[in-house]
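Colleague: Mind walking me through the labels on this one? I'd like to hear the cut-offs behind each.

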Amino acid sequence: MEERYTAAIEAVEEMLVRSRDTRGKFAPGTAQHTLQKNRAAALEVARMLLAAAAEGLPTLVVGERVEKAKAPLLSLQSKSAKAREKCKAGSWQRRMLERNLDALALVLPLLERAEGEGLSLVCLSDRPEWLPRAAQWFHEKWHVPLAAYEESMVDSLTGEAPVPRWYLVLHGEEVVAGLGVIENDFHDRPDLTPNVCAVYVEEPWRKKGIAGAMLGQVCRDMGELGVDTLYLITDHTNFYERYGWEFLCPVQGDGEDHLSRMYRHETGGSHG
């Protein structure tokens, strides 16, 4: 990872912590609480964009969060610039603000690029109106019964557990990719859970880094939900490794006459 991205991600994460801490000092519904809530959401988008750019991946961002992030980030940039001018040269406060401004200067063009690319990663729990199309799309790609997808997707909308969860990558109203996170992807190792499943990118959209961007964002999401390790069963070799997944062991898929490969990925989250 380039040093500039590492430094920018660290600065954004520090700003995010401060924003969340400040928000906790105000009652919900107050202007200051809302301001810090919107700022934190925008900084989360900034972190996603920087992480994707650092790996050379497309700037996939969940839903319409790109558009909503612009105003809080521009406001934060303006306030930081004004605050910097009031700080003594060489002081730790000025150095901190300069790091923050460098990070924001790197993020804002990524935000513009994300808007221009027109790709968005939609979590079905945020966009339940997509359920019928999502179930049909996955059914057509993997030939698992439609009812099985519908049942799992309904569970993702109504349950409080981290899984199941389902994601789509949209280009406008077109589904171009998707994946799910479920307890067990039809294999004989129920202890290796939860599983990323049904990873698929439409052929015209392949070799653009979309699969890696999806996997990266889903890993971050699951980490934030307290899931520390994800697993994935596949017959591919030398594909998931490039996105930080490690081969774990061979496993027997249900109804298969050959062994498949089980991969694992630590998300950085933790249970409890």
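Modeller: Sure. P164 sits in the loop between α6 (146-158) and β3, where helices (H or I, at least four residues) and strands (E, at least two) are DSSP runs numbered from the N terminus. This is a predicted model, with local features needing pLDDT of at least 70 and side-chain atom pairs pLDDT 80 or more, while totals for chains, interfaces and linings use all residues. Residues are numbered from 1 along each chain as its sequence is written, and side-chain values use heavy atoms, leaving out hydrogens and water.

Colleague: What is the peptide bond from V163 to P164, cis or trans?

Modeller: Cis, with omega near 5°. T193 and P194 are also joined by a cis peptide bond, omega about -5°, and P194 is in the loop between β4 and β5.

Colleague: Why is F186 called partly exposed?

Modeller: Its relative accessible area is 48%. Buried means under 20% and exposed over 50%, with partly exposed in between (1.4 Å probe, protein chains only), so F186 counts as partly exposed. F186 lies in the loop between β4 and β5 and has a positive phi, near 60°, though not a glycine.

Colleague: And what makes K207 exposed?

Modeller: K207 is at 89% relative accessibility, and exposed means over 50%, so the label fits. K207, in the loop between β5 and α7, has phi near 60° too, a positive value in a residue other than glycine.

Colleague: How do you know that D188 is partly exposed?

Modeller: D188 has 44% relative accessibility, which is between the 20% and 50% limits, so partly exposed it is. D188 is found in the loop between β4 (174-182) and β5 (195-201).
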